[in-house]
Amino acid sequence: MRMRAAVLHHPNEPVTVEDVELDPPKAGEVLVRVVAAGVCHSDLRYADGELGEGHWPIVLGHEGAGVVEEVGAGVTHVAPGDHVAFCFVPACRACRYCLAGKPNLCEVVAEHGAKGMLMDGTSRLRLVDGTTLKHGLRTACFAERTVVAAGGAVRVTPELPLWQAALLGCGVVTGMGAVRNSAGVQPGDSVAVLGCGGVGLQVVAAARIAGADPIIAADRVAAKLELAAAQGATHLVDASEDEKPVSTIRRLTGGGVDYAFEVIGRPETMRQAWGAIRPGGTAIVVGLAPLGVDASVPAIEFLSDKTLRGTYYGSGDPAAELPGLADLAVSGELDLAGVVTHFDTLDGVEAAFDRLRRGEGARTILVIDAASAGAPTLTDGGMR
Ligand SMILES: [Zn+2]
Ligand SMILES: [Zn+2]
């Protein structure tokens, strides 16, 4: 079928919203009418060519929600009409990582997904001239419709408006998982969060839900610190004015936090996260750095029992956790609306990228099907 999608033809050129061809779902796949999609910094890393060669032409978008339209043979966990959030790691459930309880590291997803293909190694997307299009992170949801592997469409309660459900599959899973699964934050643990964008705000929210205290949020943008306070940060560090944010965090906690989360993807802030933790503490890098970037820390400090660790997509079982996160949002425990600063249409992808480049705002939600999104009145990309 023919539909509109945001295509990145080549990095460092604007994405274009154009007609493309989408093939029907094969066995084990699901066709979803995309209702809303979040614009994540990882999409921008692709668009700016920071993740290496060979990723284009591609339909970007890996955080979104929609309504199931058609299922391929053998798919029984969802049916047409179901509300689903996308999970960009549709784990095979059979490889050594999946069997070892680490489906976020699924080998089959890693093998085909890195090439921009679905789980059988092929694409359902073509330009109108027939050129094969890649699927952005197995999801390709900056489009009116998409075909994903069955495990990539996770049923969520219809009580949650789809514009909010759109946030679950990247920012929420990643942020909540970093706190719950990677760190295992316990009540009373001290936490610092460096970077308060779409994912960082979810880390703050997750730390609050875990009972962390204090929760120190740092960012260069005052407006994002306000959003962090609303999500539960107890202390705010304006990194644009504070020349020594690490000293400030250490002073506030009498020698460093138990857990510091870096949610930007820059070597400087990774070093700051390391510097902000106490002896025996853990620094967790959540942010996605450009390909080829190295990070370093003073190695002598490994002797103080410090841990530097990575995390990917929440380090748990994202597809299994998504429905519970949706319920948490319905209950009001998780304030998804509070991280959305802008709404736009599918044509607003490039404008959203520009805001990310400027560090402006947190999440932009692209409302692709306004009638089903349940979103507040659309603006022309302006602040809510
Ligand atoms: Zn993302
Ligand atoms: Zn697997």
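## Close-up views of a predicted model

**View 1. The donor residues of the zinc ion (ligand 1) follow the spacing C-x21-H-x107-C in sequence.** Keep in mind that this is a predicted model. Who are those donors? Coordinating this zinc ion (ligand 1) are Cys-40 through its SG atom, His-62 through NE2 and Cys-170 through SG, at 2.0 to 2.2 Å. Cys-40 and His-62 link distant parts of the chain, as they sit 22 residues apart. You'll find Cys-40 in the loop between strand E3 (29–39) and helix H1 (41–47), while His-62 belongs to the loop between strand E4 (58–59) and strand E5 (63–71).

**View 2. Here we zoom in on how Cys-40 and His-62 are tucked away: both are buried.** Buried means under 20% relative accessible area. Cys-40 has just 3%, so it counts as buried. His-62 comes in at 2%, so the buried label fits this residue too.

**View 3. The zinc ion (ligand 2) has Cys-92, Cys-95, Cys-98 and Cys-106 as its protein donors.** Each cysteine offers its SG atom, and these donors lie 2.4 Å from the zinc ion (ligand 2). Try reading along the chain: the spacing of the donor residues is C-x2-C-x2-C-x7-C. What shape does the site of the zinc ion (ligand 2) have? It's tetrahedral, with angles of 104 to 116° among the four donor atoms.

**View 4. Two of those cysteines, Cys-98 and Cys-106, are a good place to check for burial.** Are they buried or exposed? Cys-98 has a relative accessible area of 11%, so it is buried. Cys-106 is at 2% relative accessibility, so this residue counts as buried as well. With so many cysteines in these views, you might go looking for disulfides. A disulfide is a covalent bond between the sulfur atoms of two cysteines. The structure holds zero of them.

**View 5. Phe-88, Tyr-312 and Tyr-313 are linked into a cluster by ring pairs.** How many aromatic pairs does the structure hold? There are five.

**View 6. The second largest pocket has a volume of about 160 Å³.** Its lining includes His-77, Arg-93, Gly-151 and Asp-317, along with several alanines, among them Ala-91 and Ala-150. Which elements give two or more residues to this lining? They are strand E10 (153–155) and helix H10 (318–330). H10 gives the most to the lining of the second largest pocket, with three residues. Val-154 and Pro-323 are also among the lining residues, so to speak, on the guest list.

Methods. Residues numbered from 1 in each chain as written. Chains lettered and ligands numbered in written order. Predicted model: local features only at pLDDT ≥ 70, side-chain atom pairs only at ≥ 80, totals over all residues. Heavy atoms only, no water. Donors = N, O, S within 2.8 Å, 3.2 Å for Na, K, Ca; no water. Tetrahedral: all angles 85-135°; square planar, octahedral: opposite > 155°, others 65-115°. Buried < 20%, exposed > 50% of the residue type's maximum accessible area, 1.4 Å probe, protein only. Helix = DSSP H or I, 4+ residues; strand = E, 2+ residues; numbered from the N terminus. Disulfide = S-S within 2.5 Å. Phe/Tyr/Trp six-rings, centres within 6.5 Å; stacked < 30°, edge-to-face > 60°. 1 Å grid on protein atoms, 1.4 Å probe; cavity = no way out; pocket = protein on both sides within 12 Å on 5 of 7 lines; lining within 4 Å. Points joined across faces, edges and corners; volume = space filled by probe spheres on them.
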